Amino acid sequence: MGEAFAVEYPERNTYGEVMKGYFSLMRGFGLEFASRCERVLGPSLGAGWFDEYVATRNQQDPKRIQRRQTPSDPSFFLKELIYTEWSPYRQVVPDDVALRVVSKKIVDTRNTWLHFSDEPSVVQLRDAAALIRDFGARTSMTVEAPAVRMIKRIDRIRTGQYPSSPQDQELLAGKSADQDSGEPPVEIPLDPVDQEPRPPIGSLWRGPIPERRIRVTRTRDVVDVDTGASLRSAVAGDPREKVRQWTSARPLGDLWVDADGAVGGFVEGQERLLGYVGEDPAGETARGFLVRRFYDVRDGRLVDIDSGSALVDSVSEEGAELARSIESAAAEAMEPGGTIRITNYGDVLYIDEVGMSRIGVATPRSWFPGHLA
Amino acid sequence: MDEDVEFNVGLVAITMRAEDVDFRGVSVSAGRGAAEQDGKLREAVVESSDGLRMTIGCTFWADGSADVQPLDFLAGPDAYRRLEVAGRMTLNPAEDEGRVALLRALKYGDRGYPTLASVSWEELSDFAGTDAVELLESHGARTGEYGALKADATRYREHPAFAVAQDGLAAVFAAFAVTRVLPIMKGFGRDGGVEALY
């Protein structure tokens with residue numbers, strides 16, 4: 001094609017900059033992939049191969065495959081690469097399971113973070129860029145280089161090394177330009193909220209850290225550090241499961257507990273809301289942290305995509321009934337391009353372009369062994 | 001007298017004393033249980049956002065060897081207590097009077113506690129939250145493969161390493177934070193793991 005596409009990198013950790021970086025990288029990725037497809041498939045399949053392919057797919061699956069598709073849209077070609085066995089895309093890049101797993105993770109990551117965080121940050125962009133880099137490395141695509149650069153830029157933003165000079169920072173903040181320009185203000189004022197509600201479980205802790213410290217003991221009891229008194233009787237539900245939920249993100253050091261029963265601790269050096277001594281607030285659909293595992297539905301079976309093993313074959317008799325009901329919920333919800341994830345609280349999530357929903361709540365015994373450790 | 005030198009590496013803060021003190025102890029290269037000897041020690045206080053506070057010392061010993069060792073564990077989560085017994089760092093002599101050290105990192109293994117293991121530059125950058133090469137070079141170190149920095153090295157020739165002049169102690173303490181403290185903070189090598197949603 002001979003033209004070049006310049007990927008744009010975020011200037012700072014704001015919503016707009018993160019989105020700019022993400023869409024720009026994905027567009028660069030899509031354009032390069034489409035150009036390679038033209039080069040590889042054009043000579044053998046003819047110039048109109050893409051339109052013919054879309055038409056055939058639309059006939060096969062009119063509900064999901066619209067007639068209007070763009071060759072450079074990753075959400076189209078990645079899904080075709082993953083799910084359509086006879087797809088010519090499998091001649092363009094290595095036809096192997098590992099690459100399809102990376103492709104699935106790119107789709108999953110996009111589904112996950114675009115729907116989730118009310119404030120997608122450079123951290124999520126970094127995850128997405130790492131997967132694009134991986135895809136690029138496996139297919140010798142040049143998008144690997146901008147993906148690596150994206151990661152470096154993000155690391156510099158996170159550590160305050162970028163932007164570097166005060167003049168740059170002022171320029172970016174728009175201070176110098178907007179003084180007397182007559183432009184309308186760029187910020188939307190938001191009214192302060194008196195008693196800010198707690199954010200979802202797993203969020204960064206809001207407000208000061210309370211004094212009261214609690215510790216998980218070797219017997220998996222949880223005691224007040226000052227008095228030695230156990231909190232077991234105050235805990236709502238199964239204390240062992242509560243303790244597992246609070247600690248599976250592996251907070252270091254003692255936890256703290258606030259007057260309302262909110263429990264917090266340090267995860268990778270950051271203060272986080274880990275849960276509640278009492279009942280969890282109603283209405284939270286994705287409590288806690290995402291487990292670093294990826295799943296799929298194959299032939300109606302819920303499988304772990306890295307090991308390939310099916311959920312119902314992996315659980316003991318005790319967990320089988322719940323596992324089967326989660327599997328059928330997943331099979332019912334799943335569409336090509338959809339994503340199944342689980343949080344350390346056991347919230348099983350179905351995520352796609354339309355939105356995110358909780359399709360079940362698993363326990364450690366009704367899920368893949370070790371995934372909810 | 002000069003002021004302490006303070007700097008951050010990721011979520012770890014390091015306060016390096018301005019001057020050396022006389023110290024008597026056992027050098028790492030002499031082996032545990034070896035005789036004590038005199039040395040010149042530079043002390044640093046290492047603190048993490050999740051509560052670690054400990055002192056470590058970089059010592060140049062009378063027999064010519066040099067190393068970084070823990071001194072006092074003052075406070076912090078139990079996970080960091082591993083630093084009292086593991087993760088000492090030997091600084092090997094280089095041709096140009098300077099010192100060279102391997103960048104191996106504390107990694108959790110099957111036994112449930114971390115031991116030093118070989119890592120890539122990318123993993124080191126992950127711990128540091130920034131480009132590890134740039135970080136170490138900003139503190140005056142040279143970086144590269146161990147074999148390139150220490151021509152007579154026989155093992156680990158292709159592994160990440162750094163070199164400093166005799167007064168390049170800030171880089172030594174930064175390397176200690178990256179390879180010893182931050183991997184424990186992040187649970188490097190532990191199975192599973194989670195990612196923040198919010």
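User: In the hairpin that β3(A) and β4(A) form, which residue in the turn has a positive phi?
Analyst: In this predicted model, local features need pLDDT of at least 70 and side-chain atom pairs count only at pLDDT 80 or more, whereas totals for chains, interfaces and linings use all residues. Residues are numbered from 1 along each chain as its sequence is written, with chains lettered from A and ligands numbered from 1 in the order in which they are written. Four residues lie between β3(A) and β4(A) (strands are DSSP runs of E, at least two residues, numbered from the N terminus). The residue with a positive phi, of about 90°, is A:G261.

User: Which residue of β4(A) is the bridge partner of A:W256?
Analyst: Strand β4 (residues 262–267) of chain A and β3(A) pair in the antiparallel sense over three bridges; pairing requires that DSSP find at least two bridges between the strands. Within β4(A), A:W256 has as its bridge partner A:G264.

User: Which residue in β3(A) stands opposite A:I214?
Analyst: Strand β1 (residues 213–216) of chain A runs antiparallel to strand β3 (residues 252–257) of chain A, and two bridges join them. Opposite A:I214 in β3(A) stands A:L255.

User: Are α1(A) and α6(A) roughly parallel or roughly antiparallel?
Analyst: The axes of helix α1 (residues 15–45) and helix α6 (residues 122–139), both of chain A, come within 10 Å and cross at roughly 10°. Axes are lines fitted to C-alpha atoms over the stretch in contact, with angles from 0 to 180 degrees between N-to-C directions, and helices are DSSP runs of H or I, at least four residues. Angles under 35 degrees count as roughly parallel and over 145 as roughly antiparallel. The crossing angle therefore makes α1(A) and α6(A) roughly parallel.

User: How many residues of chain A are in contact with chain B?
Analyst: Two residues are in contact if their C-beta atoms, placed from the backbone, lie within 7 Å. Chain B contributes 24 residues, and their counterparts in chain A number 27.

User: Which residue of β13(B) stands opposite A:L290?
Analyst: Strand β6 (residues 290–291) of chain A and strand β13 (residues 194–195) of chain B run antiparallel and are joined by two bridges. A:L290 faces, in β13(B), B:E195.

User: Over which residues of chain A is the pLDDT below 50?
Analyst: Chain A has a mean pLDDT (the predictor's confidence in each residue, from 0 to 100) of 87, and 89% of its residues reach 70 or more. Where pLDDT is low, the predicted coordinates should not be read in detail. The stretch below 50, which has four contacts in the model beyond near neighbours in sequence, is residues 175–179.

Methods: Angles under 35 degrees count as roughly parallel, over 145 as roughly antiparallel, 65 to 115 as roughly perpendicular and the rest as oblique.
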